[in-house]
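Here is a set of questions about how terms are applied to one structure. Each answer sets a value against a definition and then concludes.

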Amino acid sequence: MSAQTLLSGGDKWFSYSGIVFGDVSAPATIQLNFIPNTGLRDCLVQIQPFFGLTQSSSENAQLGLLVKLNDVEIIKQLERKQNTSFDATPFNLFIPRQSKLEVISLNSSANNTQERGCNVIGYYL
């Protein structure tokens with residue numbers, strides 16, 4: 001889990017989760033990024049998830065991504081079908097000032113050890 005880091009110019013910030021994976025005891029969700037307060041200005045945020053190779057290709061073993069803004073789910077995406085890689089297309093969102101932003105990996109027991117992560121870059125408006 002990574003917190004928000006402001007760049008020296010003061011108009012951009014980032015949050016990198018690094019590579020995260022679990023073991024057989026991993027919970028159904030793994031928090032990748034948590035920013036309790038995005039700051040005093042509105043911002044444009046780009047969220048770039050990434051995933052390693054799938055460990056299991058069974059029908060109900062896909063990983064996914066959940067993005068919450070002020071505890072409201074605004075993006076929820078799961079792999080569409082087995083034997084395909086996750087569509088790691090970045091999301092662009094406008095975020096109101098002083099918002100709580102959370103990016104969560106949706107987990108499955110068959111893919112606990114699959115690597116996953118998320119990079120978040122924010123641009124103050």
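Q: What makes β2 and β9 a pair?
A: Strands are DSSP runs of E with at least two residues, numbered from the N terminus, and two strands pair if DSSP finds at least two bridges between them. β2 and β9 are joined by five bridges in the antiparallel sense, so they meet the rule for pairing. Within this pair, F14 stands opposite I121 in β9. The model is predicted: local features need pLDDT of at least 70, side-chain atom pairs count only at pLDDT 80 or more, and totals for chains, interfaces and linings use all residues. Residues are numbered from 1 along each chain as its sequence is written, and side-chain values use heavy atoms, with hydrogens and water left out.

Q: In which sheet are β2 and β9 found, and what is the order of its strands?
A: The order is β1-β2-β9-β4-β7, five strands in an open sheet with antiparallel pairing. β4 and β9 are joined by nine bridges, and Q48 stands opposite N119 in β9. β4 also pairs with β7, over five bridges in the antiparallel sense, where I47 stands opposite F91.

Q: Why are β1 and β7 said to stand at the edges?
A: Each has a single partner strand, so one side of each is left without a neighbour in the sheet.

Q: What joins β5 to β6?
A: Six bridges join these two antiparallel strands. One of the bridge partners is Q77 in β6, which is matched with L65. The hairpin of β5 and β6 has two residues between the strands, and N70 takes a positive phi near 50 degrees there.

Q: What is notable about phi at N70 and at D71?
A: N70 has a positive phi of about 50 degrees although it is not a glycine. For D71, also a residue other than glycine, phi is positive and near 70 degrees. N70 is in the loop between β5 and β6, and D71 is placed in the loop between β5 and β6 as well.

Q: Why is N70 called partly exposed?
A: Buried means under 20% relative accessible area, exposed means over 50%, and partly exposed is in between (1.4 Å probe, protein chains only). N70 has a relative accessible area of 40%, so it is partly exposed.

Q: What makes D11 and K12 a salt bridge?
A: A salt bridge is a side-chain nitrogen of Lys or Arg within 4 Å of a carboxyl oxygen of Asp or Glu. The side chains of D11 and K12 meet at 3.3 Å, N to O, so the pair satisfies the definition. Side chains of opposite charge can pair when their charged atoms come close. D11 is partly exposed at 34% relative accessible area, and K12 is partly exposed at 31%.

Q: Where does D11 lie, and what does it touch?
A: D11 lies in the loop between β1 and β2. Contact means heavy atoms within 4.5 Å. Leaving aside neighbours within four places in sequence, D11 is in contact with G122, Y123 and Y124. The C-alpha atoms of D11 and Y124 are separated by 5.2 Å, although the residues are 113 apart along the chain.

Q: How many salt bridges does a search of the whole structure find?
A: The search finds two. One of them is between D71 and K100, whose closest N and O atoms are 2.7 Å apart. This pair links distant parts of the chain, with D71 in the loop between β5 and β6 and K100 in the loop between β7 and β8, 29 residues apart. K100 is partly exposed, with a relative accessible area of 23%.

Q: What makes a group of residues a nonpolar core?
A: The group must be buried Ala, Val, Leu, Ile, Met, Phe, Trp, Tyr and Cys residues joined through side-chain atoms within 4.5 Å. The largest such core here has 20 residues, and those with the most contacts inside it are W13, V45, I47, L101 and V120. The elements that give two or more residues to this core include β4, β8 and β9. Not counting residues up to four places away in sequence, V120 touches W13, V45, I47 and L101, among others.

Q: How many disulfides are counted?
A: A disulfide is a pair of cysteine sulfur atoms within 2.5 Å. By this rule the count is zero. C43 is buried at 0% relative accessible area, and C118 is buried at 0% too.

Terms used. Helices (H or I, at least four residues) and strands (E, at least two) are DSSP runs, numbered from the N terminus.
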